[in-house]
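Here are a few exercises to work through with the model open beside you. Try each one before reading its solution.

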Amino acid sequence: MKTRSPIERTTRIVSTVDELADAWAFVMTHIDEVGDDPSITISPVWSRGADQINDDEPWPRHFSVVVSGMVENS
């Protein structure tokens, strides 16, 4: 098959962690897996488990982490 541009592969590695320092550790662990031009997103999220049903308690903050990038398929 002839293609007009190189075939590329996109990798997206995602997790949720408890602390901001853990988010950066996750990024540094996976940064080399996504190519030379990575995209990094760290976003706060608030959630609680089913066992935390008391509305008077604040929802704990976590961090959603995404490390992604594209490399030419070899």
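**Exercise 1.** Leaving aside neighbours within four places in sequence, which residues is S68 in contact with? Bear in mind that you are looking at a predicted model.

*Solution.* Start by placing the residue: S68 belongs to strand 3. Next, list its partners beyond four places in sequence: T11, R12, V34, D37, P38 and S39. Finally, check the exposure. The relative accessible area of S68 is 16%, and buried means under 20%, so S68 counts as buried.

**Exercise 2.** Which residues of helix 1 are buried, and where do they sit around the axis?

*Solution.* First pick out the buried residues of helix 1, which are A23, F26, V27 and H30. They span an arc of only 100° around the axis, so they lie on the same side of helix 1. Now turn to the face pointing away from that buried side: here you will find the exposed residues A21, M28 and T29. To finish, look at what covers the buried residues of the helix; strand 1, strand 2 (39-46) and strand 3 are included in that cover.

**Exercise 3.** Find the largest nonpolar core: which residues make it up, and which elements each supply at least two of them?

*Solution.* The core has ten residues in all: I13, V17, A23, F26, V27, I31, V34, F63, V65 and V67. Mapping them onto the secondary structure, at least two come from each of strand 1 (8-17), helix 1 (20-30) and strand 3 (61-72). For a closer look, take V27 and ignore residues up to four places away in sequence: V27 then touches I40, I42, V65 and V67.

**Exercise 4.** Which residues make the nonpolar surface patch of about 290 Å², and is L20 buried or partly exposed?

*Solution.* The patch is formed by L20, W24 and I40. Take L20, which is located in helix 1. Its relative accessible area is 41%. Partly exposed covers the range between under 20% (buried) and over 50% (exposed), so L20 is partly exposed.

**Exercise 5.** What does T16 contact beyond four places in sequence, and how many Å separate its C-alpha atom from that of N73?

*Solution.* Locate T16 in strand 1. Setting aside neighbours within four places in sequence, its contacts are V45, H62, F63 and S64. Then compare positions along the chain and in space: T16 and N73 are 57 residues apart in the chain, and 28 Å lies between their C-alpha atoms.

Terms used
Residues numbered from 1 in each chain as written. Predicted model: local features only at pLDDT ≥ 70, side-chain atom pairs only at ≥ 80, totals over all residues. Heavy atoms only, no water. Core = buried A, V, L, I, M, F, W, Y, C linked by side-chain atoms within 4.5 Å. Buried < 20%, exposed > 50% of the residue type's maximum accessible area, 1.4 Å probe, protein only. Helix = DSSP H or I, 4+ residues; strand = E, 2+ residues; numbered from the N terminus. Contact = heavy atoms within 4.5 Å. Patch = residues over 30% accessible without salt bridge, like charges linked within 9 Å, V, L, I, M, F, W, Y side chains within 5 Å. Areas by Shrake-Rupley, 256 points an atom, 1.4 Å probe, with all protein chains shown as cover. Salt bridge = Lys/Arg side-chain N within 4 Å of Asp/Glu carboxyl O. Arc of directions from axis to C-beta.
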